[in-house]
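Here are my notes on the structure you sent round, set out as numbered points for your comments. Please read them with the structure open beside you.

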Amino acid sequence: MAEEPELDVLLSTELTFPPPSGFVAGAGWSDPAVYERAAADPEAWWAGWAEELEWIEPWHTVLDWSDPPHAKWFEGGKLNVSANCLDRHVAAGRGGKVAFHWEAEDADQAGPEGRRVITYDWLLDQTQRFANVLKGLGVGKGDVVGIFMPMIPETAVAMLACARIGAVHNVVFGGFSASSLKERMEVSTAKALVTADATLRRGAPMPMKEKVDGVLPDLPDLEHVVVVNRCGTGCAMLDGRDIDWQEAVAAADPVCVPEPMDAEDPLYILYTSGSTAKPKGIVHTTGGYLTQVAATHRMVFDLKDDDVYWCAADIGWVTGHSYIVYGPLANGTTSVMYEGAPDYPGKDRWWQIIERYRVSILYTAPTVIRSFMKWGEALLAGHDLSSLRLLGSVGEPINPRAWLWYHEHIGGGRCPIVDTWWQTETGAIMISPLPGITTTKPGSATLPLPGIKAAIMDESDEMIEEGGGTLVLTTPWPAMARTLYGEPERYIETYWSRYGNDVYLVGDAARIDEDGYVWIVGRIDDVINVSGHRLSTMEVESALVSNEGVAEAAVIGVPDDATGQAIVAFITPQDGVEAGDGFTIALREHVAEKIGKLARPKRIYFADDLPKTRSGKIMRRLLRDIADGKELGDVSTLRDPSVVDSLAGQVKASGGR
Ligand code: WT7
């Protein structure tokens with residue numbers, strides 16, 4: 001990579017953004033010495049954060065790393081996550097504080113129920129009651145409970161109720177297909193499942209309980225289904241098996257003493273995709289996880305008591321677990337929770353929400369930012385976004401053009417941006433600016449947080465100070481995954497065998513620059529080799545989206561007789577741009593200009609949207625199959641399955657493979 005200076009220039013813009021002085025003045029962390037303090041004694045650093053939580057019994061050992069990769073954090077300690085997220089705030093007299101301003105998708109039509117004010121008092125009451133409902137169904141410590149829910153406050157209640165009694169929740173994103181749900185319930189042998197009659201999607205109820213009913217015959221371990229009535233669709237209920245949430249919670253005992261849990265007891269399982277088709281059940285535990293999500297939520301977002309924080313992810317992903325539920329509630333935060341689509345009923349829905357609740361911190365994903373860019377700035381007109389003081393990004397590298405747009409148009413040029421790098425497996429943010437300290441560079445997640453150590457391995461397995469290679473984490477961290485549910489061997493093989501059992505293989509390619517800043521380049525399997533030149537899909541994509549006419553781009557490598565691999569690009573043009581031969585020629589020329597002729601896509605296909613998972617991740621494996629003209633499998637987990645047909649048709653028409 002070092003021989004290709006123009007690639008570096010492309011990803012790193014010349015621009016740097018020091019923290020604004022006004023922000024620094026009020027920031028909780030503004031002294032860079034915090035990095036040295038944490039590095040000098042990481043265990044003391046994390047123990048300091050753990051002490052901010054409420055423990056039923058103190059730990060005797062901060063970290064046991066004698067048997068890598070099996071870490072034990074805060075051994076001997078006992079605590080309860082729900083007590084930390086709820087009871088202690090209520091006990092401190094803050095029960096009346098708003099935990100969530102919940103906004104229904106149909107808020108304007110739904111009357112008072114469309115905008116619910118969820119206080120810590122209410123959450124604690126509902127959590128205790130629902131914990132007792134679960135107990136009544138025979139669910140106890142260590143049992144797995146499935147949660148397949150819309151974005152409603154009851155989803156957080158269900159998770160907290162599991163945590164209260166020591167049950168392990170397994171949340172499946174509410175937009176997944178019945179077969180994905182079935183697979184995740186089957187593998188985890190869930191005993192009970194919490195769901196809703198339906199969820200609202202762009203104004204129409206989409207049945208959920210009906211999906212569940214379709215797979216129940218194949219799930220013999222699943223004894224009970226608890227159903228929240230969200231949409232009043234009157235779904236079928238089977239006597240003895242199905243329970244009405246509202247009735248059961250109203251009738252339940254309002255007191256449930258929190259179960260003292262070992263720091264290393266599992267808190268939840270969350271399935272995520274791996275390199276094979278079989279999803280991996282990431283297992284997170286109790287004490288270390290809560291310590292790091294609370295610490296990072298407070299530091300990275302420079303949290304203040306009066307902030308109104310909005311993490312616009314879905315609770316069904318790890319971002320929602322760590323930064324809608326556990327981190328914010330552990331910190332007693334006031335959040336916004338929005339049920340629906342960003343473009344319903346209008347494409348300015350988010351800006352209305354920010355204005356209404358005076359949101360001060362917004363945390364979202366680059367794919368959403370690019371959608372807003374595509375829809376244009378006109379939608380922002382007339383909306384007062386002056387309450388915002390900090391912006392966050394997560395999920396994929398944010399290309400500099402989107403970063404700059406976010407900074408200027410949403411942040412009004414005054415809000416620092418924290419580009420947070422982490423994974424389902426890491427449980428919490430690992431690489432990110434601290435907004436009162438770090439000078440940001442658009443496109444870089446910047447530096448490992450205090451207490452975290454990352455490094456880059458080059459092709460000869462050497463750790464390097466500067467340059468490109470494979471990202472690794474070289475010391476254990478409190479929120480790290482402990483295993484894969486039911487697959488302990490796969491856990492070790494996937495993450496802890498490439499460089500030895502004490503070095504965590506992230507699976508991302510990255511570059512460290514002269515300031516030690518980390519630039520995520522893409523997944524390690526996304527590197528394309530064209531005529532012996534290494535190119536990352538991300539670099540070519542960044543070149544493509546730097547063209548005014550491109551809203552979004554995905555690039556893959558396909559086998560090519562002449563060059564080894566060839567580049568194929570899938571493009572969503574900006575509204576109003578005509579996709580055709582002229583545009584194809586212009587884009588090839590544009591990439592040649594930005595990177596070099598070797599990076600020009602051999603073929604370019606256009607679509608209104610790219611095939612994405614419902615969380616917004618572009619499915620590159622599927623793009624490869626499309627480009628290869630292969631038979632496509634199940635596409636039901638896609639956000640918009642119809643784009644696949646359109647792309648496949650173009651591939652066929654172009655005579656591509
Ligand atoms: C992968 C993890 C973290 C919660 C949501 C995704 C990519 C994530 C960034 C970022 C560049 C990022 C990485 C990582 N990624 N955040 N700020 N910059 N890349 O969790 O589904 O487990 O995906 O997302 O490739 O490995 P996930």
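1. A polar contact, as the term is used in this note, is a pair of N or O atoms within 3.5 Å. Please also keep in mind throughout that this is a predicted model.

2. With that cut-off in hand, the ligand can be taken up through its oxygen atoms. An N or O atom in the side chain of D508 is 2.9 Å from an oxygen atom of the ligand, a polar side-chain atom of T424 lies 2.6 Å from a ligand oxygen, and for Q423 the corresponding distance, again from a polar side-chain atom to an oxygen atom of the ligand, is 3.0 Å. The ligand taken alone exposes 560 Å², of which the protein buries 89%.

3. The surroundings of the ligand comprise 16 residues, and those that come nearest are D419, T420, T424, D508 and R523. Sorted by class, this shell holds 6 nonpolar, 5 polar and 5 charged residues. At least two residues of the shell are supplied by each of helix 12 (318-330), strand 20 and strand 26 (518-523).

4. Strand 20 also belongs to an open sheet of 7 strands, whose order is 5-4-17-16-18-19-20 and whose pairing is mixed. Strand 5 (115-119) and strand 20 (417-420) are the edge strands, each pairing on one side only. On average, and with direction ignored, neighbouring strands of this sheet are turned by 20 degrees against each other.

5. Within the sheet, strand 18 (residues 361-364) pairs with strand 19 (residues 390-394) in the parallel sense, over 4 bridges, and T364 stands opposite S393 of strand 19. As for the other edge, helix 7 (153-165) lies across strand 4 (98-103), strand 5 and strand 17 (334-338), and runs at about 25 degrees to strand 5.

6. A separate point concerns D143, which is found in the loop between helix 6 (120-136) and strand 6 (144-148). Which polar partners does the side chain of D143 have? The side chain reaches the backbone nitrogen of G140 at 2.8 Å, and the side chain of D143 also makes a polar contact with the side chain of K191, at 3.4 Å. If neighbours within four places in sequence are left aside, D143 is in contact with G138, A167, V168 and K191. D143 and S188, which are 45 residues apart in sequence, are 9.7 Å apart in space from C-alpha to C-alpha.

Key. Residues are numbered from 1 along each chain as its sequence is written. This is a predicted model: local features need pLDDT of at least 70, side-chain atom pairs count only at pLDDT 80 or more; totals for chains, interfaces and linings use all residues. Side-chain values use heavy atoms; hydrogens and water are left out. Two strands pair if DSSP finds at least two bridges between them. Axes are lines fitted to C-alpha atoms, for helices over the stretch in contact, and angles run from 0 to 180 degrees between N-to-C directions. Contact means heavy atoms within 4.5 Å. A residue is near a molecule or strand if one of its heavy atoms lies within 4 Å of it. A polar contact is a pair of N or O atoms within 3.5 Å; within protein, one must be able to donate a hydrogen and the other to accept it, and residues adjacent in sequence count only if both atoms are side-chain atoms. Accessible areas come from the Shrake-Rupley method with a 1.4 Å probe; for residues, only the protein chains shown count as cover. Ala, Val, Leu, Ile, Met, Phe, Trp, Tyr, Cys and Pro count as nonpolar, Asp, Glu, Lys and Arg as charged, and the others, Gly among them, as polar.
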